[in-house]
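Let's take a friendly walk through this model together. Have the sequence and the 3D view open, and follow along one step at a time.

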Amino acid sequence: MTALLAIEGLTKAYPGVVANDDVSFAIQTGEVHALLGENGAGKSTLVKMIYGLVKPDRGVMRLRGAPYAPAEPRAARAAGVAMVFQHFSLFEALNVAENIALGMENPPKPRDLAERIRKVSETYGLPLDPFRLVGDLSAGERQRVEIIRCLLQDPKLLIMDEPTSVLTPQEVEILFHTLRKLAAEGTAILYISHKLEEIRTLCDTATILRLGKKVATCTPRDVTAAHMAELMVGKSLSVPARDAHEPGAVLLKVEGLSVSAASPFGTSLRDVTLEVRAGEVLGIGGVAGNGQDELLSVLSGETPVAAGSVTLKGVALGALGPEARRGLGLLCAPEERLGHAAAPDMSLTENALLTGRGRKGLEARGFVDWSRTRGFAEAIIARFDVRTPGPGVAARALSGGNLQKFVIGREILQDPVVLVVNQPTWGVDASAAAAIRQALLDLAQGGAAVIVISQDLDELLEISDLFCALNEGRLSVPRPARGLGMEEIGLMLGGAHDMHEVAR
Amino acid sequence: MIRLEKRPQPSRFWVVGAPVLAVLLTMIAGGIMFAALGKNPVEAIRIIFWDPLFSERFAGFSRPQLLVKAGPLILIAIGLSLGFRAGIWNIGAEGQYIVGALFGAAFGLAFWPSEHPLIFPGMIAAGLLGGFLWAMIPALLRVYARTNEILVSLLLVYVAEALLASAATGWLRNPEGSGFPGSRNLARNPGTDNPELIAGTGMHWGVLAAFVAVIAAYVIFSRHILGYQIRLAGEAPRAARFAGVNAGRLVILCLGASGALAGAAGLFEVAGPAGRISIDFNVGYGFTAIIVAFLGRLNPIGILLAGLLMALTFIGGELAQLMLGIPAAAIQAFQGMLLFFLLALDVLANYRFRWKREVAA
Amino acid sequence: MIIDPVTLIVALITVATPVLLAAIGELVVEKSGVLNLGVEGMMIMGAVCGFIVAHETGSVAMAFVAGMGGAMALALVFAVLTQVLMANQVASGLALTLFGLGLAALLGSGYSGLPVPVASRPFPEALQAIPVAGPILFSHSVLVYVAIALVGAVWFVLARTRAGLVIRAVGENHDAAHALGYKVVRIRFATILFGGACAGLGGAFLSVVRVQNWFDGMTAGAGWIALALVVFASWKAGRVLLGAWLFGGIAALQLRLQAAEVGVPVALLDASPYLVTIIVLVIISSDRRRAALNAPAALGRAFHAAS
């Protein structure tokens with residue numbers, strides 16, 4: 001039997017890196033095939049080649065035995081290959097039907113299209129109103145838009161890039177159900193992920209990439225997650241460790257905080273209350289777009305609020321700006337590294353000044369002490385093992401993991417009383433992620449309070465003492481993280497968003 | 001196929017090399033334009049770039065003109081560069097220049113014909129204030145009503161021109177001018193005069209102010225936290241907010257400073273080289289300064305050099321008009337061309353060109 | 001004080017037409033995510049090219065074609081700078097205006113005051129003679145009707161057709177559009193050239209039909225007003241028409257007030273179209289949510305395909 005898609009010796013090099021090196025594997029009709037690897041292993045480059053966004057330097061692909069070399073995504077779609085992206089492919093100001101039409105070669109008339117959208121969404125249990133603006137949808141609903149866009153074209157091969165990173169556990173269940181149904185109807189699915197348990201539940205075969213090379217193809221149900229992890233990472237990783245301890249005094253307190261959204265598609269915070277104690281790690285879970293960015297900017301001081309709604313050691317600082325809060329010891333590290341936590345075109349030295357200015361005494365009477373600033377940058381680089389030629393390098397030249405270590409390190413080296421981090425390990429390779437988590441735990445061990453906002457539930461359960469969830473701008477009551485089950489967490493995250501239509 | 005590839009780091013070589021190459025390419029393209037006008041291109045380029053400084057016949061007159069013309073350009077461009085670096089686009093410097101001149105001249109004329117030594121400093125202060133206030137209109141509207149400062153500052157140029165016309169023909173008109181438009185000649189009165197400080201150099205108080213502004217801007221950008229905040233706001237606005245930079249304050253500061261400097265430039269001009277308020281005493285320095293700011297890569301030292309170069313094209317252009325009959329408009333087009341080439345070559349600093357052959361699959 | 005409302009409305013429509021044409025073109029450009037501040041430069045190029053050709057050939061139609069061509073040449077430079085060479089859009093647009101003003105002055109030197117043919121009016125004398133409705137509806141030259149039809153066409157294309165959907169998508173999120181396989185750069189080239197053609201047509205109308213003369217700087221900020229109108233219209237085609245007529249009304253009225261020598265300072269009347277534009281901009285911009293919703297999200301941002 002010929003494979004649906006056979007990949008032979010695909011190679012793609014970028015200046016300085018070989019993204020894919022002689023990769024070969026095959027996907028069968030009706031198979032759910034996992035593509036597994038760390039960040040930077042070359043998964044996205046590989047699927048971009050299959051989808052026609054990138055041309056391989058060497059190697060061939062065959063679709064049902066015939067040569068397959070899509071010059072552009074349109075050609076790939078015409079050949080029956082569809083893709084659900086992790087991000088970057090929806091238009092917030094357009095409605096669902098318009099978004100879907102943009103992904104089709106010959107879309108039917110708007111009214112017919114809306115009818116077909118309704119039909120497909122019912123068939124696969126993915127309710128969706130064709131005339132709603134995408135900007136108003138939750139992350140899970142947006143993903144449905146992408147999936148339906150693909151399904152309307154009867155794909156033979158459906159590529160899904162990290163689809164569960166934006167879903168609650170309940171929504172993951174629904175997605176898996178849909179995918180199994182599709183596979184049973186003969187659609188092959190290429191499922192990209194780094195979450196091992198998911199792959200073991202869903203996939204028939206797994207191809208594992210490491211540093212651009214294929215290291216193994218296996219049947220996930222027959223091997224352990226630990227085995228796959230080792231293949232993926234190439235070494236066994238140490239799990240972050242900390243000693244048991246008693247929490248100290250309350251350091252940061254947020255009470256009855258409500259903030260309305262600043263942008264048309266932003267999330268309003270509703271009556272958020274939280275407190276963290278010395279030595280404690282508070283994990284805040286939630287699906288993207290439920291108020292994480294807004295919460296961080298309220299804590300960092302970018303969005304000023306009523307003075308009394310945020311207090312640090314009893315001092316009301318809600319009305320203070322970022323620099324004043326840093327002076328008092330409340331430090332933050334936002335999610336977006338390039339452009340928010342750091343300025344892409346500025347050197348690491350200049351980026352060290354960005355938050356270290358007052359607390360590190362890098363400025364006197366308005367004048368910058370550049371040699372001290374460089375010293376601070378060098379200290380961060382040395383302490384947190386940031387791989388870079390030196391502090392004069394522009395931030396954008398660093399890999400995601402290295403820049404994240406720099407950003408987190410910059411805050412930790414300022415001895416925060418309270419540190420708030422948003423998505424500390426997003427897009428970071430496994431060893432850097434482990435180092436960052438350990439650093440956060442060490443910080444708490446030293447008596448600081450740490451708030452970790454993240455979508456990665458495994459990460460939160462690993463390092464948090466207390467866990468709570470953000471859902472549509474509301475924060476749930478914190479619960480001890482130890483012993484919390486996925487089912488409970490899923491409900492805290494809001495269960496399956498907007499599934500009432502199904503329930504009806 | 002040629003592809004562009006983003007450099008991990010901006011190229012240091014091209015940051016300096018691009019403006020130089022842009023000037024060379026403009027000379028070539030300008031030469032072609034002059035040839036199309038039926039003039040000898042080599043001669044035209046020589047007259048524009050060489051003769052004003054080195055020809056025995058003209059240098060005596062035109063060398064001092066270099067500083068006279070470069071002074072206001074540099075002064076305005078330095079102010080503009082503050083905002084441009086922060087992503088705040090004041091393109092109405094021409095209007096601020098006019099209003100500054102009107103304020104300054106009005107102050108001087110109010111005490112006419114007194115020769116009190118405080119009158120001229122008062123005029124400078126009034127010029128600064130006039131430009132500042134005019135720039136506050138777009139600044140406050142941007143901060144408090146989120147109105148686009150590009151459009152407001154530019155539209156206000158036309159309003160300022162209407163104001164100038166009414167001043168020249170009405171409320172500032174020379175009462176002894178037998179009804180002709182235009183104010184009294186400020187340069188003829190020792191109390192209001194902005195004199196040439198060193199004979200034969202063209203150096204007046206405005207040129208001195210321009211040099212001081214260059215040095216101040218250099219210090220601000222290289223050592224002061226304000227320069228850092230300005231750059232941060234321009235390159236990564238969200239990061240700037242995260243760092244604690246108050247965006248609104250920065251808008252007011254940058255627009256205010258550039259408006260004040262443009263206003264001062266207007267006053268120095270009207271009290272010195274121009275002599276008096278007339279309906280068209282402004283010759284577009286406010287717009288040319290935009291080219292100067294970009295050509296100098298928004299860097300104070302670069303602006304100093306770019307201002308001198310642009311002044312040279314003005315003087316050389318007048319000379320070419322005289323000697324070859326090249327229309328004044330050709331020089332304006334020439335300057336615009338320079339900006340085009342500069343913008344086009346900017347790509348070299350941040351991107352690399354790469355030859356790329358498609359591999360047959 | 002005698003101001004005849006009928007002639008005022010007729011004048012208003014004529015005065016508004018150049019700005020309307022330029023603004024409707026710029027609206028399409030901005031919808032595709034590009035901010036071209038060179039409208040003033042393109043308009044004046046259109047004005048001078050149109051005027052020269054009208055005088056030399058005696059054909060108004062040829063003049064319009066030439067006006068479009070001249071402005072499109074400038075627009076092409078802008079497209080290459082911003083789309084291929086990734087130059088800053090604000091700076092490139094300013095460069096376009098400065099260069100256009102200079103080049104137009106150069107090309108037009110010597111043409112000032114020369115005669116040009118009169119543009120034909122499509123409707124018969126009998127219709128034009130109808131009281132009130134005749135002059136208002138039927139007395140204009142062809143391009144006035146073309147401009148109004150163009151507003152309708154742009155609305156239809158943007159709101160109802162696939163091409164319009166693609167343009168809006170590119171302006172909303174160029175990375176997503178690229179990921180779906182749309183040629184972002186090619187689409188933006190097309191809209192920039194369309195914007196150039198419209199601005200050129202507006203300029204040619206100004207010099208050939210409305211003023212029937214050429215002089216330096218004759219656009220007098222019309223290009224900037226067109227840019228302001230796009231913001232005023234919240235990127236909606238129909239509202240551009242409204243804005244253009246509002247502007248035209250003020251401009252036509254202030255000329256009449258000056259002629260009537262009412263007790264308002266001339267400077268204030270001269271400045272009134274610009275002042276009103278600023279005031280209207282302020283009112284529109286203050287409504288934060290509406291302004292943010294309709295503005296194309298990728299407006300002014302450079303696009304570089306990462307791979």
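How far apart do the C-alpha centres of domain 1 of chain A and domain 2 of chain A lie? The answer, in this predicted model, is 31 Å. To find the two domains in your view, look for residues 5-233 of chain A, which form domain 1, and for the two stretches 250-340 and 416-502, which form domain 2.

The two domains of chain A also touch. Here 21 residues of domain 1 meet 22 residues of domain 2. On the domain 1 side, two helices of chain A, α5 (139-151) and α6 (169-184), each give two or more residues. The largest share comes from α6(A), with four residues. What kinds of residues make up this side of domain 1? They divide into seven nonpolar, nine polar and five charged.

Now let's turn from contacts inside chain A to the place where chain A meets chain B. In this contact, 33 residues of chain A face 21 residues of chain B. Several elements of chain A supply at least two residues each: β4 (58-63), α10 (322-328), α11 (348-356) and β18 (367-368). Of these, α11(A) gives the most, with three residues. By class, this side of chain A holds 18 nonpolar, six polar and nine charged residues.

Chain B has a partner in chain C as well. That contact takes 39 residues from chain B and 41 residues from chain C. On the chain C side, look for the helices α3 (60-84), α4 (89-108), α11 (222-232), α13 (266-286) and α14 (288-294), each of which supplies at least two residues. The side of chain C that touches chain B has 30 nonpolar residues, along with nine polar and two charged ones.

Our last stop is a pair of helices within chain B. Two packed helices are described by the angle between their axes and the distance between the axes. Helix α4 of chain B covers residues 59-85, and helix α11 of chain B covers residues 247-271; their axes come within 7 Å and cross at roughly 175°. Because of that angle, α4(B) is roughly antiparallel to α11(B). Among the residues making the contact are Leu75(B), Ile76(B) and Gly79(B) from α4(B), and Leu261(B), Ala265(B) and Phe268(B) from α11(B). Taken as a whole, the contact between these helices has 14 nonpolar residues, four polar and one charged.

Technical notes: Residues are numbered from 1 along each chain as its sequence is written. Chains are lettered from A and ligands numbered from 1 in the order in which they are written. This is a predicted model: local features need pLDDT of at least 70, side-chain atom pairs count only at pLDDT 80 or more; totals for chains, interfaces and linings use all residues. Two residues are in contact if their C-beta atoms, placed from the backbone, lie within 7 Å. Ala, Val, Leu, Ile, Met, Phe, Trp, Tyr, Cys and Pro count as nonpolar, Asp, Glu, Lys and Arg as charged, and the others, Gly among them, as polar. Axes are lines fitted to C-alpha atoms, for helices over the stretch in contact, and angles run from 0 to 180 degrees between N-to-C directions. Angles under 35 degrees count as roughly parallel, over 145 as roughly antiparallel, 65 to 115 as roughly perpendicular and the rest as oblique. Domain bounds come from an automatic or database domain assignment.
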